[in-house]
Amino acid sequence: MNAPDVNAPLRDDVRLLGKMLGDALRQQVGQDIFDKVEKIRVLGKQARDGNAGSRSELSRLLSGLHDDELLPIVRAFTQFLNLANIAEQYHRVRRRRAHQWRADEPPQPGSVRALFVRLAAEGRSPQEILQAVKTLDIELVLTAHPTEVSRRTLIRKYDDIADSLERLDHASLTPVERADELSTLRRHIIAAWHTDEIRKTRPTPVDEAKWGFTAIEQTLWKAVPQFLREFDAVLLEYTGEHLPLDMSPVRFASWMGGDRDGNPNVTHHVTREVVLLARWMAADLFWRDIEELRAELSMSDCSPALRAAVGLDCSEPYRELLREVRRRLAATRDWLDAELRHEPSDAQDVYRHSSELFEPLMLCHQSLLDCGLEDVANGCLLDVIRRVACFGVELLKLDIRQESTRHTDVLTAITQFLGMGSYADWDEPARQSFLLAELQNPRPLLPEHPHLIPDHPLNTPEVQEVLATFRELARQPSDSLGAYVISMAERPSDVLAVMLLQQKAEVPHPLRVVPLFETLDDLEGAAACLEALLSIPWYRDAIAGKQEIMIGYSDSAKDAGFLAANWAQYRAQEALTEVAARFGVKLTLFHGRGGSVSRGGAPAHQALLSQPPGSVNGSIRVTEQGEMIRFKFGMTGIAIRNLDLYASATLEATLLPPPSPKPEWRELMHEMTTVSLAVYRETVRDTPDFVRYLRTVTPETELQMLPLGSRPAKRKPGGGVESLRAIPWVFAWTQVRLMLPAWLGTGRALNMAVDTGREGMLREMARDWPYFHTVLGMLEMVLAKADASIVASYEEKLAGDDVSLRELGAELRHRLQITMDALLQANSGRPLLEDNPVLRRSISVRTPYIEPLHLLQAELMLRRRLTGGAGHAYDQALMVTIAGIAAGLRNTG
């Protein structure tokens with residue numbers, strides 16, 4: 001008998017949503033627009049199948065569209081792609097539930113349960129598993145890089161649509177209930193149609209932080225205790241012990257409101273506001289939890305300890321104790337409200353530390369256990385205790401990030417003020433000597449109120465803002481603060497400088513200082529920098545045996561190309577792990593990954609299992625950026641699944657580390673990356689028309705008008721490729737489906753290996769080395785989304801008769817094909833995505849809708865450029881195509 005088609009419900013959902021969108025189109029914008037949308041879709045599919053007549057007819061149809069027809073048509077295609085995404089997201093929840101139904105079958109691949117089955121089969125003892133679990137320290141860092149193109153208002157409507165799909169899945173619905181739910185779904189789709197996809201104004205850093213809080217409030221607040229409940233059940237089954245109540249293997253931090261690297265909009269005032277808002281949100285969420293707990297815990301039996309806390313005459317001891325908790329939470333909210341308004345406030349009875357909230361909850365929990373009420377103790381109360389362990393009264397810890405040169409500027413201004421010369425001009429030994437001397441000198445670095453000469457560097461707004469930030473950190477509760485990340489770190493003095501500035505600002509609990517190595521040169525020098533730091537006795541004492549290093553994926557890939565950067569990241573992690581082990585220091589690696597392949601994006605489980613052996617060792621930090629937060633944590637079921645994947649992968653990488661690469665594999669990787677680096681840099685830096693091609697054929701300049709995030713698209717106004725941030729650099733190539741940053745140079749490198757008789761070695765590496773298997777998997781994923789014919793359509797429309805641009809485009813498309821052929825050969829002729837039916841299906845569903853958007857985008861870019869650009873009526877439609885293509889590809893930058 002044939003196995004049931006597990007994807008049939010997804011296809012049914014997509015058809016249902018598509019039909020409802022079509023009905024809404026007819027009703028809201030008329031039959032004529034609906035007919036044109038359908039004709040464009042059909043012609044696009046026929047043209048895709050090789051019908052030249054359909055391609056010509058489609059081109060004439062698009063060129064002939066009236067200006068007022070463009071917006072509703074591009075919105076129709078974009079809305080369908082968003083609805084397809086919702087259906088796919090919900091289908092993942094459906095598949096997870098299906099695995100839970102079939103308890104007699106193997107557990108879901110990648111889950112903690114599946115890992116424990118393997119560990120038990122390999123003879124790992126319960127004590128070994130338990131010890132590894134107790135050392136788990138996974139921190140997911142939410143960042144607001146400008147990659148989430150959907151508005152929060154629209155996201156809420158999409159959540160409503162997903163909720164309707166879930167309710168329609170229930171077999172117990174009566175015909176009347178089903179009809180009512182379908183009407184509700186139809187209303188949600190109409191409401192989404194009448195909601196603008198694009199923000200009217202660029203979000204502020206505070207807006208971005210609130211967006212991050214929303215992700216916690218709407219899904220993670222529920223998902224985390226549920227995940228920990230499931231994790232605890234598996235742990236108990238395989239080790240006989242529970243997860244400690246005060247432990248959370250997964251926690252959250254944020255850069256939203258703390259990341260000031262290249263973003264002048266993030267000031268010390270913003271950081272203060274975001275810290276206060278986060279604590280307010282935590283107090284409010286816990287207040288709601290306590291309200292529910294008071295309704296549930298109405299029993300009178302309690303332990304002597306609880307009775308002593310509430311008094312002998314109290315008939316409802318749990319409610320009485322929780323009444324005081326609720327009062328203090330309300331007082332905390334009121335105090336934070338006043339602080340946000342800069343008004344006088346009463347800080348008495350405010351919750352400042354999580355331990356203060358943890359204590360009464362644990363008293364209730366132990367009392368219930370003592371009274372034989374274990375089921376009650378481990379119900380809602382346990383969930384609240386788990387939330388305190390994960391989120392605390394701070395909700396999430398805020399990292400601070402600043403570029404190293406900003407600290408150099410401050411210290412230069414200070415040394416000049418003190419008449420010591422220019423710190424910036426000193427060599428590294430002189431800098432270290434000064435910093436270490438001052439770190440061990442209790443005197444202030446500056447007088448409390450130095451007499452400032454008006455034009456002195458110490459008085460510039462930039463220097464004053466950095467100093468104000470450190471003063472602000474000294475005022476904030478240490479529980480609210482995470483790491484101080486130094487971008488563009490190069491040398492030990494970059495780390496010592498931040499330690500000194502924290503000390504002299506009298507930060508009571510200094511933030512751990514984390515150098516971020518992100519260019520190719522910096523990655524190659526990372527281990528030497530760490531060794532130099534750990535060779536300083538004062539530094540070793542200061543870090544108390546723990547060191548965190550951040551590995552940058554975005555800028556290294558933009559600097560060197562995907563393959564060379566990826567190998568440099570791997571080698572840097574190997575070398576850093578070896579140095580830390582030699583000095584007896586516990587190393588935590590912080591991975592600054594993005595959503596796209598060229599910025600380190602890969603399935604989290606696969607990526608963690610491909611790290612160098614010994615580099616994970618129980619602890620890891622990873623950024624979750626922009627739209628990936630929505631993708632991984634936007635629905636409770638999916639959030640639980642992703643938390644499960646992170647926990648299982650970190651445990652597996654710790655207990656079952658991958659093998660070290662053979663020497664001959666290393667040598668081949670070195671040779672291949674040398675080739676890929678040369679090709680990449682020659683193309684990007686030395687090809688005369690490359691920048692002109694980028695700005696003509698891709699929407700690189702148009703992207704700057706999309707109000708994606710609070711950071712400018714460029715680090716410096718003007719300038720070429722080098723001034724572009726990694727995100728818009730990737731975004732521009734993604735929009736035209738060339739995907740260039742993720743593969744340029746890789747095809748030549750793979751062919752070099754084949755041409756030198758090492759094709760067999762490539763296949764051996766892909767089979768036996770998880771790192772290289774992941775590299776090829778990432779390349780395969782991006783090449784499956786690349787499309788030379790779509791790039792050619794942009795060139796035809798926008799490059800016109802420019803011979804040099806057309807020739808360069810033909811060359812780039814030729815290289816794309818060479819890369820595809822080379823990957824095919826490395827994979828023994830296996831077609832793209834043969835082993836990834838989920839992604840293959842996803843691309844297939846979207847193709848008839850995303851291709852017309854590309855053609856419409858090129859048409860809009862041409863019309864906008866011919867009529868003068870900014871402020872024109874084409875802007876809204878063009879921005880919708882940008883958002884729609886991003887939604888269709890599930891990738892921005």
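Modeller: A crossing of two helices counts as left-handed if the near helix is turned anticlockwise from the far one by less than a right angle, and as right-handed if the turn is clockwise. Please keep in mind throughout that we are reading a predicted model.

Biologist: With that in hand, what is the handedness of the crossing of α23 and α27?

Modeller: The crossing of α23 and α27 is left-handed. Helix α23 covers residues 562-582 and helix α27 covers residues 663-686, and their axes come within 8 Å while crossing at roughly 140 degrees. That angle makes α23 oblique to α27, because only angles over 145 degrees would count as roughly antiparallel.

Biologist: At what angle do helix α1 and helix α8 pack?

Modeller: Helix α1 (residues 8-29) packs against helix α8 (residues 175-193) at an angle of about 60 degrees, and the two axes are 10 Å apart. Here too the description that follows is oblique, for α1 relative to α8. The handedness of this pair is right-handed, as α1 passes α8.

Biologist: Let us turn to the strands. Which strands close into a barrel, and in what order?

Modeller: The general idea is that strands of a sheet pair through backbone hydrogen bonds, either parallel or antiparallel. In this model 8 strands close into a barrel, following the order β1-β2-β3-β4-β5-β6-β7-β8, and the pairing is parallel. If direction is ignored, neighbouring strands of this sheet are turned by 25 degrees against each other on average.

Biologist: I would like to follow one part of that barrel residue by residue. Over how many bridges do strand β2 and β3 pair?

Modeller: Strand β2, residues 250-254, pairs with β3 over 2 bridges in the parallel sense, and within β3 the residue K397 is the bridge partner of A253. On the β4 side, β3 (residues 397-403) is joined in the parallel sense over 5 bridges. Among the facing residues, L398 has L481 of β4 as its bridge partner, I400 stands opposite Y484 in β4, and R401 stands opposite V485 in β4.

Biologist: And how many bridges are there between β4 and strand β5?

Modeller: There are 4 bridges, again in the parallel sense, between β4 and strand β5, which spans residues 512-517. One of the facing positions is A483, which stands opposite R512 in β5. To get from β4 to β5 the chain crosses through helix α19 (residues 492-504), and this β-α-β crossover is right-handed.

Biologist: Why is strand β4 described as largely enclosed by the rest of the structure?

Modeller: The reasoning rests on a cut-off, since a residue counts as buried when its relative accessible area is under 20%. In β4 (residues 481-487), 7 of the 7 residues are buried, and therefore the strand is largely enclosed by the rest of the structure. Strand β3 is mostly covered, with 5 of its 7 residues buried.

Biologist: As a biochemist I also look at cysteines. How many disulfides does the structure hold?

Modeller: In general, a disulfide is a covalent bond between the sulfur atoms of two cysteines. This structure holds 0 disulfides. For C302, the closest cysteine sulfur belongs to C371 and lies 6.3 Å away, which is too far for a bond, because the cut-off for a disulfide is 2.5 Å. C364 is likewise in no disulfide, as the nearest cysteine sulfur, that of C302, is 9.3 Å away.

Biologist: Are these two cysteines buried or exposed?

Modeller: C302 is buried, having a relative accessible area of 17%, and C364, at 0% relative accessibility, also counts as buried.

Biologist: Lastly, the backbone. What is the value of phi at M739?

Modeller: Phi of M739 is near 55 degrees, a positive value in a residue other than glycine. M739 sits in the loop between α30 (726-735) and α31 (746-755), and its relative accessible area of 6% places M739 among the buried residues. S828 also has a positive phi, near 60 degrees, and is a residue other than glycine. The place of S828 is in the loop between α35 (803-826) and α36 (837-866).

Biologist: And where does L703 lie?

Modeller: L703 belongs to helix α29, residues 700-703, and at 7% relative accessibility L703 counts as buried. The C-alpha atoms of L703 and T239 are separated by 53 Å, with these positions 464 residues apart along the chain.

Technical notes:
Residues are numbered from 1 along each chain as its sequence is written. This is a predicted model: local features need pLDDT of at least 70, side-chain atom pairs count only at pLDDT 80 or more; totals for chains, interfaces and linings use all residues. Side-chain values use heavy atoms; hydrogens and water are left out. Buried means under 20% relative accessible area, exposed over 50%, partly exposed in between (1.4 Å probe, protein chains only). Two strands pair if DSSP finds at least two bridges between them. A crossover is right-handed if, with the strands pointing away from the viewer, the path from the first strand over the helix to the second runs clockwise. Axes are lines fitted to C-alpha atoms, for helices over the stretch in contact, and angles run from 0 to 180 degrees between N-to-C directions. Angles under 35 degrees count as roughly parallel, over 145 as roughly antiparallel, 65 to 115 as roughly perpendicular and the rest as oblique.
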